[in-house]
Amino acid sequence: MIDKLIERIKELNNPTVVGLDPREEIIPEFIRKESYRKYGRTLKGLANAYFKFNKMIIDEIYDLVPAVKPQISMYEELGPDGIDCFIKTIKYAKEKNLIVISDIKRGDIASTAKSYSRGHIGRVSVGGNEHKVFDADFVTINGYMGYDAISPYIENCKELDKGMFVLVKTSNPNSGDIQDLKTEEGRYVYEHMGELVSKWGEELIGKYGFSKIGAVVGATYKEQGKILREQNPNTFFLVPGYGAQGATAEDLKGCFNEDGLGALINSSRGIIAAYKKDEYKDRYSEEEFHKAAREAVIRMRQDLLRVL
Ligand SMILES: O=C(O)c1cc(=O)[nH]c(=O)n1[C@@H]1O[C@H](COP(=O)(O)O)[C@@H](O)[C@H]1O
């Protein structure tokens, strides 16, 4: 799947992934009203609104970007209806030939991780009957519990051609609380985690020289991105932080190698809530939120290609 992702990035000349992180406050009123009329102001009503929102965004950007990244928290908090919307969103995105990164950031002991892996990128067996549940192409994983917390996903990555992105240097303001501590050898913890991820992925390297096991490297940490890129030539980066978190194209340039590969840049609020921003408000109505999202994708691509 990492090879397919790289091929799609090359075909579209666009290393962008759109984060599908719906929140009630960014769903346009016409979608909320219609859904609440049908299902009431209920969790089901909001989950239905999320799917309508996601579908309109996907229909507007599927020809421009290689991937989407639904963040499971926004769906989980709505309970079963939210999970149903998450599953329907993944399914619809894949029907539109989009690669799906399920942002689940799971981390647990091997026996538990096995269930996460089976549900999200594997198959669940019921009386010998194999079921695909979430069926994402990639998942995000927290590997700070060590190798046994990620090893159960490797089997599915190998057998079912899936992938994962392991947290290495996260984009949040306090990532340094742990990730910037120094090891006995005098390296930063994030460097050590980067090296572990490289090692964990060395058996899964595809034809473009990148492993199915990638790393999450925040665009908000320019120097660290450059260091990690140099230290881990076979590790593909999922790079959040652009746009809403303040990172710019210059900040993330170091995440790419000299061939302009090696990173997939995420933007969630910057794309799906573009219509609420001043530079879009006067040209797009709420009903045209998906058109604003398309323009935001086009502008992001131009911004990225400017530095590549
Ligand atoms: O795993 C992630 O995707 C992730 C890692 C990280 O270090 N920082 C980070 O922001 N993310 C996710 O990337 C998305 C960023 O959203 P925006 O800030 O709206 O573009 C959210 O879904 C976050 O959960």
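Two strands are taken to pair if DSSP finds at least two bridges between them. In the predicted model described here, strand E6 (138-141) is joined to strand E3 by three bridges, the two strands running parallel, and within this pairing Ser 102 stands opposite Val 139 of E6. Four bridges join E6 to E7, again in a parallel arrangement, and here Thr 140 of E6 stands opposite Phe 165 of E7. Between these two strands the chain passes from E6 through helix H7 to E7, forming a β-α-β crossover that is right-handed.

In a regular strand, side chains alternate between the two faces of the sheet. In E6, Phe 138 and Thr 140 point one way, whereas Val 139 and Ile 141 point the other way, and all are buried.

The connecting helix H7 (residues 151-159) has as its buried residues Pro 152, Tyr 153, Ile 154, Asn 156 and Cys 157. These buried residues pack against strands E3, E6, E7 and E8 as well as against helices H6 (110-121) and H9 (189-200). Just after H7, Asp 161 adopts a positive phi of about 50 degrees.

Elsewhere in the chain, Arg 8 is placed in helix H1 (residues 2-12), where Arg 8 is buried because its relative accessible area, 12%, is under the 20% cut-off. The side chain of Arg 8 makes a polar contact with that of Glu 11, at 2.6 Å. When neighbours within four places in sequence are left aside, Arg 8 is in contact with Tyr 62, Pro 66, Asn 97 and Ile 99.

Methods: Residues numbered from 1 in each chain as written. Predicted model: local features only at pLDDT ≥ 70, side-chain atom pairs only at ≥ 80, totals over all residues. Heavy atoms only, no water. Buried < 20%, exposed > 50% of the residue type's maximum accessible area, 1.4 Å probe, protein only. Polar contact = N/O pair within 3.5 Å; in protein donor to acceptor, adjacent residues only side chain to side chain. Contact = heavy atoms within 4.5 Å. Right-handed = clockwise from strand over helix to strand, strands pointing away.
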